[in-house]
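The following note is offered to a colleague examining this entry. Its points are numbered so that each can be checked against the coordinates.

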Amino acid sequence: MELDTLRDADFKLLDDAVKDWSTLVKNLETLKKDAEDNLHKGANKADWAGVNAKVSKEFIGKTAGEFADAHTQATTIHKILNDTVGELKGYHRQLVEAIDGGRKKSLKVIGYEGGFTVTTDVPPEARHTMDQDNQSDITALRDRIQGLLNKATESDDSARTVLQAIADQSKMGFSDAGYRDRDSAAEAIKQADELAALAKKNPDDLSVKDFDRLDAGLKKYAGDELFAERFATTLGPKKTLEFWTGVTDPQRGNWELGRERLDQFDDLQRSLGMTLANATQSDSTAMADWKRTMIDIGDKPLYGNRGGPMGFQVMGNLMRTGDYDDRFLTDYGTKLMATERKLTGNGEHRNLAWLNSVMTPRLNRIGEDSGADPLTGYLKGLSNSPDAATDFFNQRFISKDDPDNPFERDTDGNGKNGKVSLSNFQYLFEEREWPKESNLKGDDLHTGQNNLALALEAATTGHPAGELPTADTPPHNAEQAKLMESLVASITDNPERLTENGYMSDSIGQITSEYLPDLNRAMSDEERDPKSEDWKDIEKLYPVAGEEAKLSHTDVSKLLFTLGRNPEAYAAVEVGQKLYMGKLMDYHLNPDLPPDCRVSDNYPLLVEQIAGRSGEVSGTLGLGAQDFIGDKASDKDKQFEHAIAQRKNLVSGTVGTVVGVGTSFIATPWVGAVVGSGAGTVTSVVLEELFEDAEGKAKQDAQTTGGKYWQEGLLRGKDITQLAVREAAEKYQTIDAGDASSAAGEASRQGYINARAILEGQAPGSITEFS
C-alpha cells in the first residue's frame, strides 16, 4: 500500500459500505426467517400433487435455502469489511501520529509512487551539526512507517483474497461459507497453502511430523469451503493422486510412516476425501480445471511409462467419503465406464487391469478391500449423491446396435437370442464379473457389490444411503421410478441376483419400503387407465406424490418373497408396511379430508381394502422368511425379530410420528417419523406395538420352524391392523371402532393367507368398487 493512499484515505465510502452491508444482513435475516417459516415449512405441509409435487415443492425448498445462504454470505462479507475497515483506520491513525511526531523532530516524510523517504527539515548548512541521535530518529520513523504500510497492505490483501475466494465459490446463487471474522477465513486459506505444500513433497520425504500435521489439518478443515478449494487447487489433481499413493504404498520406501502411523491411514483417507468432496462444490475457475484434469488422467498410469495404478484407481478410494459435486460425479462416471468397456471388451470378460495383486499398492485403508477396483470407491461416492447416482445408473452402458456388443437375450420369448442394450445398472447388477478379494481370514469380500446396493438406494430414493427420507426429500421423479422398475424386473427375472448376494438385501429392502404406495397400487390388479373410475379410486387410496413406479402384481409378489428371505430386508418392508397401513387408516378415516382426495364415504370398505393389501404384503414376506428358516426348529426367527427391533433405532429411538392430511406425508411411510412428536397418533401406537412384540420374541428361548413363524406373523398382522383401525376410528368417530376393527382384522388375515395363492399364480379378485 502506498503511503499517500493510507495517509490521505477517505473512509466515508468504506463506512457507508459497511453500514449498507449491516442493513443488508438484517434484511436478509428477516427474509431467511420468512422463507423458512412461511415458504419452506408451509411447502412441506401442503398437499402437493402432479407437477407441483415434482417441481414446486423442491424448488421452494431450494429457494428457501438460497435465502439462508445469502444471509450467511452477507454476514461473512460484512464481518470481513468491518474488520478490515477497523484495522485500516487504526493504521491510518498511527501513520498520521507517526508523521506528526516526526515533524516535531524536524523530520519530513515524502511519498512517491513505489515508496517514500524520510528526511530532515534542518537547513543544509546546519546538518553538519546533526548527531547520531538525529540519524537514529530518521531510521526509526522510516521503519515505523514501513511497518504500518506492511500491516495495512497485509490487511487489505487478506481481505481481497478472502472476498475473492468467497465470490468464486458460487457463480450462481450464494455460498454457505460462513466465518466469524476475516482472520479466521484468512487463516483457513493460509493453512491450505501450507498443507498443500507439505502434500507436494516427495512422499518418501514425508516425516511422521509432516504426516501428523496433514492428518490434523485436514481433519480440522475438511468442512471449510475456502480451505478445501484452496488446498485442492494448490495441490493439483496429479499431485493429489501421487500424494495418496505415495503415503499408502510401502514399496516407495517410506517405511517410517508405515511403521509409526499405519493405524491412522484410514483417518487421513477420510479427511482427504471429505476435503476433496467439499472442494468440488466450488464453482471457481481453478476448481473447474481441477475436475476436468482429474477426469482426463483417470485412465492413465500415475507414473506414465513407469506404470503405477491408474488415476481412477487412486481417486476412486478418495471418493468413499464426502458429498462430491453431482456434475463432477456424472462426468467422472461416464469416463470410468468407457474405460471399463475398453478393459473388458465391452463387458465380455473380467477386468484384468483392476485386479488386486502383490504389485498393486493398497490404495484403500477404510475397510478390508484393497481398493484396486475403482468402481468400489466410486459407487460409495454415489451413495452420498442421489441425483448423480440416478443419472449414472440410467446411462447406457452399451447399445444393441454396437457391432462389438457381446450381450444376447431372449427378449420376446421365442427361444431365440438377440443383441440387447444394457444400462449401467443392468451391466453392474446383472453382468459384471466383480474382482474377487478376501480378507485376512480367507473370507470373500463383496465390498464393491455392497456399495453398488448403497448407490442404488440413493439413486432410487433421492436421499443418501443409510438415511430415511425427510419432509425435504423430493417425491420420486421419472428417472428414479424407471430405475426402480428395472431393479424389480431384474430381481424377479432372476431372484438369485439377490439371494446369492444377501449383503445387498438390506439396501434393496429399504428401497422397497419407500415404494410401498407403488407396490400397493400394483397389488390392486387394476388396469392403469386414467379414464377408469376404479383406477382413479386406487390412485386416491394409495396417493403417490411424484412419479409412480409401474409394477405388476406378479413381480411385486416375487420381489417381496425374495426380500422376505433376508432378515434386514424383511424388517425394512414389514415395519414400513405397518407404518404405511397406520398412516392410511389415519388419512382415510379423517372426515376433514378434502373432497378431491376422498375415495368414498364407505369407510368399512376402505378399511377392509387397506387391511387386505397390508396383510398380503406381510404374508408374502412371511413366506420368504418361512423358506429361509426351514422346516426344522431353530433360532433363525430371532434374526428377523431382532432386525425389526433394530428398525426402532433408525426411526430415531423413541417412536413418534407426524401424520398430516397432505398426500406428501403418506407417499412414503417413513416421512414424518421423528423423535418424540405426535405421541399417541395411530402410527406411533402401531410401531410401539410392533417393536414391543419383536423385542419380546427376540428374547424368547423357544425355537421356531418356518411354518410357525409364518403363522405368528399372521396373528401379529391381524392384531396390529385391528389396533390401527381402533385408534383411527376412536380419533375421528367416522366408523364404529369395534365393528371396523373386527372386519379389518379378518381382511388382514385373508390377505395374509391369499399371499400364498397369489405367489403361485392364483390371484383372487380385488375389492376396488367403492360406493
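1. With a relative accessibility of 7%, Ser-271 counts as buried, because the cut-off for that class is under 20%. The residue belongs to helix H10, which spans residues 265–280. Beyond its neighbours within four places in sequence, Ser-271 is in contact with Leu-218, Lys-219 and Ala-222. This point, like those that follow, concerns a predicted model.

2. Some totals for the chain provide context. The chain holds 29 helices and eight strands. It has 771 residues, of which 52% count as buried. Of the contacts with a separation of 6 or more, 76% are between residues 24 or more positions apart. The exposed area of the chain is about 33500 Å², and carbon and sulfur atoms supply 48% of that area.

3. Helix H12, residues 311–318, deserves attention for its burial. The helix is mostly covered, with eight of its eight residues buried. The buried residues are Gly-311, Phe-312, Gln-313, Val-314, Met-315, Gly-316, Asn-317 and Leu-318. Which elements cover the buried residues of H12? The cover includes helix H8 (237–248), H10, helix H11 (285–296), H13 and H14. H10 is also the helix in which Ser-271 lies.

4. The pairing of H13 with H16 can be described in some detail. The axes of helix H13 (residues 326–344) and helix H16 (residues 424–431) come within 12 Å and cross at roughly 50°. H13 is therefore oblique to H16. The crossing of the two helices is left-handed. On the H13 side the contact involves Met-337, Glu-340 and Thr-344, which meet Asn-424, Tyr-427 and Leu-428 of H16. Sorted by class, this contact comprises three nonpolar, two polar and one charged residues.

5. The backbone after H13 also merits inspection. Asn-346 is placed in the loop between H13 and helix H14 (374–382). Although Asn-346 is not a glycine, it has a positive phi of about 60°. Most residues other than glycine have a negative phi. Is Asn-346 buried or exposed? Its relative accessible area is 14%, so Asn-346 counts as buried.

6. A second positive phi is found at Asp-525, where the value is near 65° in a residue other than glycine. Asp-525 is located in the loop between helix H21 (516–522) and helix H22 (533–541). Its relative accessibility is 37%, so Asp-525 counts as partly exposed. A reader may wish to view this loop alongside the one that holds Asn-346, between H13 and H14.

7. Another helix pair is formed by H20 (residues 505–513) and H24 (residues 567–588), which pack at an angle of about 10° with their axes 7 Å apart. H20 is thus roughly parallel to H24, because angles under 35 degrees fall in that class. From H20, the contact is made by Ser-505, Asp-506, Gly-509, Gln-510, Thr-512 and Ser-513; from H24, by Glu-568, Ala-569, Ala-572 and Val-573. By class, the contact of H20 with H24 has three nonpolar, five polar and two charged residues.

8. Leu-3 lies in helix H1, residues 3–7. At 2% relative accessibility, this leucine counts as buried. What does Leu-3 contact, leaving aside its neighbours within four places in sequence? The partners are Leu-95, Val-109, Gly-111, Phe-116, Ile-145 and Leu-149. The C-alpha atoms of Leu-3 and His-92 are separated by 9.7 Å, although the two residues are 89 residues apart along the chain.

9. Gly-751 is part of helix H29, residues 737–759. This glycine counts as buried, with a relative accessibility of 5%. Not counting residues up to four places away in sequence, Gly-751 touches Gly-612, Gly-615 and Glu-616. Between Gly-751 and Ala-611 the C-alpha to C-alpha distance is 7.7 Å, while their separation in sequence is 140 residues.

Technical notes:
Residues numbered from 1 in each chain as written. Predicted model: local features only at pLDDT ≥ 70, side-chain atom pairs only at ≥ 80, totals over all residues. Heavy atoms only, no water. Helix = DSSP H or I, 4+ residues; strand = E, 2+ residues; numbered from the N terminus. Buried < 20%, exposed > 50% of the residue type's maximum accessible area, 1.4 Å probe, protein only. Contact = heavy atoms within 4.5 Å. Axes fitted to C-alpha atoms, helices over the stretch in contact; angles between N-to-C directions. Parallel < 35°, antiparallel > 145°, perpendicular 65-115°, else oblique. Left-handed = near helix turned anticlockwise from the far one by under 90°. Nonpolar A, V, L, I, M, F, W, Y, C, P; charged D, E, K, R; others polar. Areas by Shrake-Rupley, 256 points an atom, 1.4 Å probe, with all protein chains shown as cover.
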